[in-house]
Amino acid sequence: MASLSMTQMRTMNSASGFSLNCSKKVHALPSRIGFKVFASETSQSSSEPDLSVTVNGLHMPNPFVIGSGPPGTNYTVMKRAFDEGWGAVIAKTVSLDAAKVINVTPRYARLRASANGSARGEIIGWENIELISDRPLETMLKEFKQLKDEYPDRILIASIMEEYNKAAWEELIDRVEQTGVDALEINFSCPHGMPERKMGAAVGQDCALLEEVCGWINAKATVPVWAKMTPNITDISQPAKIALSSGCEGVAAINTIMSVMGINLNTLRPEPCVEGYSTPGGYSAKAVHPIALAKVMSIAKMMKEEFDGDNYSLSAIGGVETGGDAAEFILLGADTVQVCTGVMMHGYGLVKKLCLELQDFMKKHNFRSIEDFRGASLQYFTTHTDLVQRQQEAIRQRKAIKKGLQSDKDWTGDGFVKESESMVSN
């Protein structure tokens, strides 16, 4: 049986004018999306909830996506991800000149849930000072093409980042798209490394710069574009709004949080320690999950209020290690859920556990598809003022019920005993 998938037939879409005070809901057409049919390897069992999703025209067997980073750094590991069953893979970020990228080692540090970082404690935090891909662009492009040749019905997304240079962005997009990748994720969010070249979070934190660069990208791109947002900003919904208004089909959030993992109390040196020194890096893993939930909720509320949800997507990232973690993001409105650090700690086989646990959650609530519950919890977020009013009204209602009947005419035969009890004081 053939399953429907949709791939790259997008027309050029230039940036639209936009201000932060814009309040009108946007109804953009999916101008860079078309149809393509692939044969499905297996049919979904009617007894199991359906995990498949179609996002910006891209069909995935499940919502679990390898997040950009070490798990998508070369052909071998990306092939492993597809073989294990991940819904999609986002490769490690590439740029035109990898020669400028020089990594150090060690470049990771872990936070454990125990006193003074005991090796016996559970890992709850992970910091990295890793840069984007240090492999030659030509090598990465060759491997993208090889993967798409071998897995034509699987979704491969290229993560890209460039300096503040329109021609460089256009060249990078053109060369990457020629490999047949299904979409682009734009790294506007790396919190460390090369901010002086206006790369990564240096763009994502500057709304005017972000709008300009998104305009360049969306005028050139012919496949769906996701803008990856930085959490290192006061209101993450504002740059997300600009990215979508400037032509991007989706946003991804969050990238890592700027952090200093800690100081070794024996050596008095910071971690991760390189020749006795360190630098602030990006924080990920379980400890960032509540922060990521808040940021995703903020973006989802903005998207619901101001954009046509059928044409835009939200990919959630942050501390996902269980199917329950993923369910929380989807309940807030996420279409897909990315995992990076979780794979580094648990391996590519983690996706099987994620799928089973997400299906268990769905069966518990009688959900048959992801769409059955996507965004279901978003309605329960409100302001503190509204919470106060709701509680005061609830208290008034409880007091009214406790007072019982107001008049003799209210007595009924069927409810006589309960009506009597409602007026008893002890």
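What covers the buried residues of helix H3? Keep that question in mind while the whole chain of this predicted model is on screen, since the tour returns to H3 after a look at the overall fold.

**The whole chain**

With everything displayed, the chain shows twelve helices and 18 strands, and buried residues account for 50% of its 426 residues. If a surface is switched on, the accessible area comes to about 20,200 Å², with 53% of that area belonging to carbon and sulfur atoms. Among contacts between residues at least 6 apart in sequence, 73% join residues that are at least 24 apart.

**Helix H3**

Select residues 166–177 next, which make up helix H3. At 1.5 Å a residue, these twelve residues should span 16 Å, and the end C-alpha atoms are 17 Å apart, which agrees. Colouring the buried residues of H3 picks out Ala168, Trp169, Leu172, Ile173, Val176 and Glu177. They cover an arc of only 150° around the axis, and therefore lie on the same side of H3. To answer the opening question, display helix H2 (137–150), strand E9 (155–160), strand E10 (183–187) and helix H5 (207–220), which are included in what covers these buried residues. Before leaving the helix, turn to its N-terminal end, where asparagine 165 acts as the cap, with a side-chain oxygen 3.0 Å from the backbone nitrogen of alanine 167.

**The largest nonpolar core**

Now select Trp86 and Leu184, the two residues that touch the most other members of the largest nonpolar core, a set of 101 residues. Helix H7 (residues 289–306) supplies the largest share of this core, namely eight residues. Centre the view on tryptophan 86 and, leaving aside its neighbours within four places in sequence, show its contacts, among them Asn62, Phe64, Val65, Ile66, Ala81 and Arg154. The contacts of tryptophan 86 also include Val339, Val343, Tyr348, Leu350, Val351 and Leu354, which carry the view to a later part of the sequence.

**A second, separate core**

The last selection is a separate core of five residues, including Val101, Leu131, Ile132 and Met161. Within this group, leucine 131 is found in the loop between strand E8 (123–128) and H2. Is leucine 131 buried or exposed? Its relative accessibility is 18%, so leucine 131 counts as buried, the cut-off being under 20%. To finish, draw a line from the C-alpha atom of leucine 131 to that of valine 104: the two residues are 27 apart in sequence, and their C-alpha atoms are 9.0 Å apart in space.

Key:
Residues are numbered from 1 along each chain as its sequence is written. This is a predicted model: local features need pLDDT of at least 70, side-chain atom pairs count only at pLDDT 80 or more; totals for chains, interfaces and linings use all residues. Side-chain values use heavy atoms; hydrogens and water are left out. Helices (H or I, at least four residues) and strands (E, at least two) are DSSP runs, numbered from the N terminus. The expected span of a helix is 1.5 Å times one less than its number of residues. Buried means under 20% relative accessible area, exposed over 50%, partly exposed in between (1.4 Å probe, protein chains only). The arc is that of the directions from the helix axis to the C-beta atoms. Contact means heavy atoms within 4.5 Å. A polar contact is a pair of N or O atoms within 3.5 Å; within protein, one must be able to donate a hydrogen and the other to accept it, and residues adjacent in sequence count only if both atoms are side-chain atoms. Accessible areas come from the Shrake-Rupley method with a 1.4 Å probe; for residues, only the protein chains shown count as cover. A nonpolar core is a set of buried Ala, Val, Leu, Ile, Met, Phe, Trp, Tyr and Cys residues joined through side-chain atoms within 4.5 Å.
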